[in-house]
Amino acid sequence: MAENTAGRPVVVGVDGSEASVAALRWAGEQARALGTGVLAVHAWEPAAGLAPYAPASGRPTRAEQREAAAGLLASAVRRVFGGRVGTGVRAVLVEGPPARVLLRQARGAALLALGRGDHGRWDGPALGAVGRECLRYAPVPVVTVPAADRGAARLRSVGGAFTPSGAA
């Protein structure tokens with residue numbers, strides 16, 4: 001028996017990477033198949049990468065950092081949905097640790113989609129710390145989507161009846 005996902009969005013973590021853009025694209029397709037919306041989430045934290053003795057004039061302000069984060073999220077959404085961003089797609093910018101933000105946003109969602117990059121050796125895990133924490137603690141199913149590989153078959157959304165590959 002299929003679970004009712006009406007009104008429960010597909011939440012997707014967006015960090016600007018190719019893998020997160022692929023996850024956003026997949027989430028859009030999956031949301032259409034499920035008859036629900038997409039919630040694109042970008043978590044940002046104030047940068048602490050400069051040495052304490054660096055001149056204050058060289059440090060971006062909190063507002064500048066927030067603006068850059070908003071620009072990254074908007075760019076990813078435009079890249080995937082172009083001018084077709086409708087009411088079924090919402091973008092949310094949240095300050096906080098990425099895993100905690102994604103887990104909070106995923107409460108009550110249909111599922112959580114994350115991009116999967118190449119974080120390790122060929123035989124190592126392809127998820128970073130945020131992805132592993134989401135897999136471990138997510139209150140909903142988690143789908144990891146690889147970055148687009150031009151030679152590989154596209155990951156397709158699931159909806160309707162299953163047809164084995166090769167079947168007509």
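This section describes the overall fold of a predicted model and then several of its helices, strands and residues.

The protein chain contains four helices and five strands. Along the sequence these elements alternate, in the pattern β-α-β-α-β-α-β-α-β. The chain has 168 residues, of which 35% count as buried. Its accessible surface comes to about 10,500 Å², and carbon and sulfur atoms contribute 54% of that area. When contacts with a separation of 6 or more are considered, 73% of them link residues 24 or more positions apart.

Helix H1 covers residues 18-34. A helix of 17 residues, at 1.5 Å a residue, should span 24 Å; the end C-alpha atoms of H1 are 24 Å apart, so the expected and computed spans agree. Within H1, 12 of the 17 residues are buried, and the helix is therefore largely enclosed by the rest of the structure. The buried residues comprise Ala 19, Ser 20, Val 21, Ala 22, Ala 23, Leu 24, Trp 26, Ala 27, Gly 28, Glu 29, Gln 30 and Ala 31. The cover over these buried residues includes strand S1 (10-13), strand S2, helix H2 (62-81), strand S4 (111-116) and strand S5 (142-146). Just after H1, Gly 35 adopts a positive phi of about 70°.

Strand S2, which is among the elements covering H1, spans residues 38-44 and contains His 42. The relative accessible area of His 42 is 8%, and because a residue under 20% counts as buried, His 42 is assigned to the buried class. Apart from residues up to four places away in sequence, His 42 touches Val 14, Asp 15, Ala 69, Leu 72, Leu 73, Val 92, Leu 93 and Val 94. Of these partners, Ala 69, Leu 72 and Leu 73 fall within helix H2 (62-81).

Strand S4, also part of the cover of H1, includes Gly 115. With a relative accessibility of 24%, Gly 115 counts as partly exposed. Gly 115 and Ser 20 are separated by 95 residues in sequence, yet their C-alpha atoms are 4.2 Å apart in space. When residues up to four places away are set aside, Gly 115 touches Ala 19, Ser 20, Ala 23, Leu 127 and Val 145. Three of these partners, Ala 19, Ser 20 and Ala 23, are listed among the buried residues of H1.

Strand S5 holds Val 142, which counts as partly exposed at 21% relative accessibility. The C-alpha atoms of Val 142 and Leu 112 are separated by 4.7 Å, although the two residues are 30 residues apart along the chain. Beyond the residues up to four places away in sequence, Val 142 touches Leu 112, Leu 114, Cys 134 and Leu 135. The last of these, Leu 135, is located in helix H4. Leu 135 has a relative accessible area of 43% and is partly exposed. Besides Val 142, Leu 135 is in contact with Leu 127, its neighbours within four places in sequence being left aside. Leu 135 and Leu 112 are 23 residues apart in sequence, and the distance between their C-alpha atoms is 9.3 Å.

Helix H4 also packs with helix H3. Two packed helices are described by the angle between their axes and by the distance between those axes. The axes of H3 (residues 98-106) and H4 (residues 129-137) come within 9 Å and cross at roughly 35°, and the crossing is right-handed. On the side of H3, the contact is made by Pro 98, Ala 99, Leu 102 and Leu 103; on the side of H4, it is made by Val 130, Glu 133, Cys 134 and Tyr 137. By class, seven of the residues in this contact are nonpolar, none is polar and one is charged. Cys 134 takes part in the contact of H4 with H3 and is also touched by Val 142 of strand S5.

Conventions. Residues are numbered from 1 along each chain as its sequence is written. This is a predicted model: local features need pLDDT of at least 70, side-chain atom pairs count only at pLDDT 80 or more; totals for chains, interfaces and linings use all residues. Side-chain values use heavy atoms; hydrogens and water are left out. Axes are lines fitted to C-alpha atoms, for helices over the stretch in contact, and angles run from 0 to 180 degrees between N-to-C directions. Helices (H or I, at least four residues) and strands (E, at least two) are DSSP runs, numbered from the N terminus. A crossing is left-handed if the near helix is turned anticlockwise from the far one by less than a right angle, and right-handed if clockwise. Contact means heavy atoms within 4.5 Å. Ala, Val, Leu, Ile, Met, Phe, Trp, Tyr, Cys and Pro count as nonpolar, Asp, Glu, Lys and Arg as charged, and the others, Gly among them, as polar. Buried means under 20% relative accessible area, exposed over 50%, partly exposed in between (1.4 Å probe, protein chains only). Accessible areas come from the Shrake-Rupley method with a 1.4 Å probe; for residues, only the protein chains shown count as cover. The expected span of a helix is 1.5 Å times one less than its number of residues.
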